[in-house]
Amino acid sequence: MNAGMDYPGQIAIAEQGWLKAHQWLLLRRLSQLGILALFLAGPVAGVWIVTGNLSASMTLDVLPLTDPLLLTQSSLSGTLPTLSGLIGALIVLAFYALVGGRVFCAWVCPVNLVTDLAAWTGRCFDIRPSGKLSRSLRYWLLGLILLFPLLTGVMVWEFVNPVSMTHRGLIFGGLWGLGWAWMLLLCIFLYDLLMVRRGWCGHLCPVGAFYGLLGSRALVRVAADGRERCDDCMDCFAVCPEPQVIKPALKGAAKGLGPLIGDIHCTNCGRCIDVCSKDVFRFTLGRGRPPPDREGTPPLMRLNPRIPLFDPSPPANRPGGREE
Ligand code: SF4
Ligand code: SF4
């Protein structure tokens, strides 16, 4: 951030107005809450536009949607999918493969509200968690949650999956229906706030890892098209849930890297676009791939055994506790 500026996006708000400096954030919240409202409309008001939950649903009695990760686990456990379940999973796969897998994280997942709240609280109270984990850890966990049903015939992950537990709990019982999910969400909040910055979504969640892989060749991307205008205020790094994805696109011109953020971990949240007073970023269409040796790239895409699973290096204690 520039000297004298207290929070990321402050210059953008002053120069372009609060609404423009929050446009993608507001749209995202609208999407997250709107999707939740669609699911709740049936049980709460008797308006059955959508039945089911994020794991498997039916819209207007014609459009089945199935969580492909759940379907994979269930198939590995020995349960063959129904035709409707299979079609639903293919529709979801095609959608996220096109728009970016981690669009699920930023625009749909209810847990994102909690992790964003932890990040915002940390910025407000200048809390800088010092823990470090490899961002690859989520892919090892993804491998584990697929291995369990194969070996045991039980979808173990679904007993503790905060994404489906939160969504199911809210739909079937409102805030009181969350039950144990409350405890999980509180743990995730405290973990992100006090132990590892963006610890859950950025390092551990196998659901996000799965969707990241799914969108590895997606067409909808963010590009740092106006990178020559960047004044190094660092606001985009401060608000980005995966700040490591920005640098190659923003600062890679000298290395011949293009302005497209092609890293699979970018959630297409648009927050970098919101807070940048120099209009460096925009949504665009294009394909990209992560730069070689990027820390956090899925093990099978990286194949670099020199990068440790746990990163012992001290945290970056830059102003605001930001990573680059
Ligand atoms: S990483 Fe996991 S918990 Fe976080 S937003 Fe994505 S799916 Fe939800
Ligand atoms: S680069 Fe921008 S769009 Fe991508 S995750 Fe970071 S803030 Fe969101």
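Okay, aromatics first: the structure holds seven aromatic pairs. Keep in mind that this is a predicted model.

Take Trp24 and Trp107 to begin with. Their ring centres sit 6.2 Å apart and the planes are at 75 degrees, so we call that pair edge-to-face; the cut-off there is over 60. Now look at where the two rings come from. Trp24 belongs to helix H2, residues 23-45, while Trp107 belongs to helix H5, so this pair ties together parts that are 83 residues apart in sequence.

And are those two tryptophans buried or exposed? Well, they fall on either side of the line, since buried means under 20% relative accessible area. Trp107 comes out at 16%, so that one counts as buried. Trp24 has 23% relative accessibility, so Trp24 counts as partly exposed.

On to another pair, Phe210 with Tyr211. Here the ring centres are 5.5 Å apart and the planes make an angle of 90 degrees, so again we have edge-to-face. Phe210 is buried at 14% relative accessible area, and Tyr211 is buried too, with 3% relative accessibility.

Those two don't stand alone, by the way. Which residues do the ring pairs link into a cluster? That would be Phe95, Tyr96, Phe104, Phe210 and Tyr211.

Phe104 gets us to ligand 1, because you'll find that residue in the shell as well. If you go around ligand 1, you meet Arg102, Phe104, Cys105, Cys109, Val111 and Asn112, then Val163, and then Trp200, Cys201, Cys205, Val207 and Gly208. Four helices each give two or more residues to that shell: H5 (103-107), H6 (111-124), H10 (199-204) and H11 (206-214). In terms of character, the shell has nine nonpolar residues, two polar ones and one charged.

Remember helix H5? Trp107 of the tryptophan pair lies in H5, and H5 is also one of the helices lining ligand 1.

Last stop, the sheet. We've got an open sheet of three strands, ordered S1-S2-S3, and the pairing is antiparallel. At the edges are S1 (50-52) and S3 (63-66), each of which pairs on one side only. On average, neighbouring strands are turned by 20 degrees against each other, ignoring direction.

How many bridges join S1 to S2? Three, with S2 covering residues 56-59 and the two strands running antiparallel. If you want one to find on the screen, go to Thr51: the bridge partner of Thr51 in S2 is Met58.

Technical notes. Residues are numbered from 1 along each chain as its sequence is written. Chains are lettered from A and ligands numbered from 1 in the order in which they are written. This is a predicted model: local features need pLDDT of at least 70, side-chain atom pairs count only at pLDDT 80 or more; totals for chains, interfaces and linings use all residues. Side-chain values use heavy atoms; hydrogens and water are left out. A residue is near a molecule or strand if one of its heavy atoms lies within 4 Å of it. Ala, Val, Leu, Ile, Met, Phe, Trp, Tyr, Cys and Pro count as nonpolar, Asp, Glu, Lys and Arg as charged, and the others, Gly among them, as polar. Rings of Phe, Tyr and Trp (its six-membered ring) pair if their centres lie within 6.5 Å; planes under 30 degrees apart count as stacked, over 60 as edge-to-face and the rest as tilted. Buried means under 20% relative accessible area, exposed over 50%, partly exposed in between (1.4 Å probe, protein chains only). Two strands pair if DSSP finds at least two bridges between them. Axes are lines fitted to C-alpha atoms, for helices over the stretch in contact, and angles run from 0 to 180 degrees between N-to-C directions.
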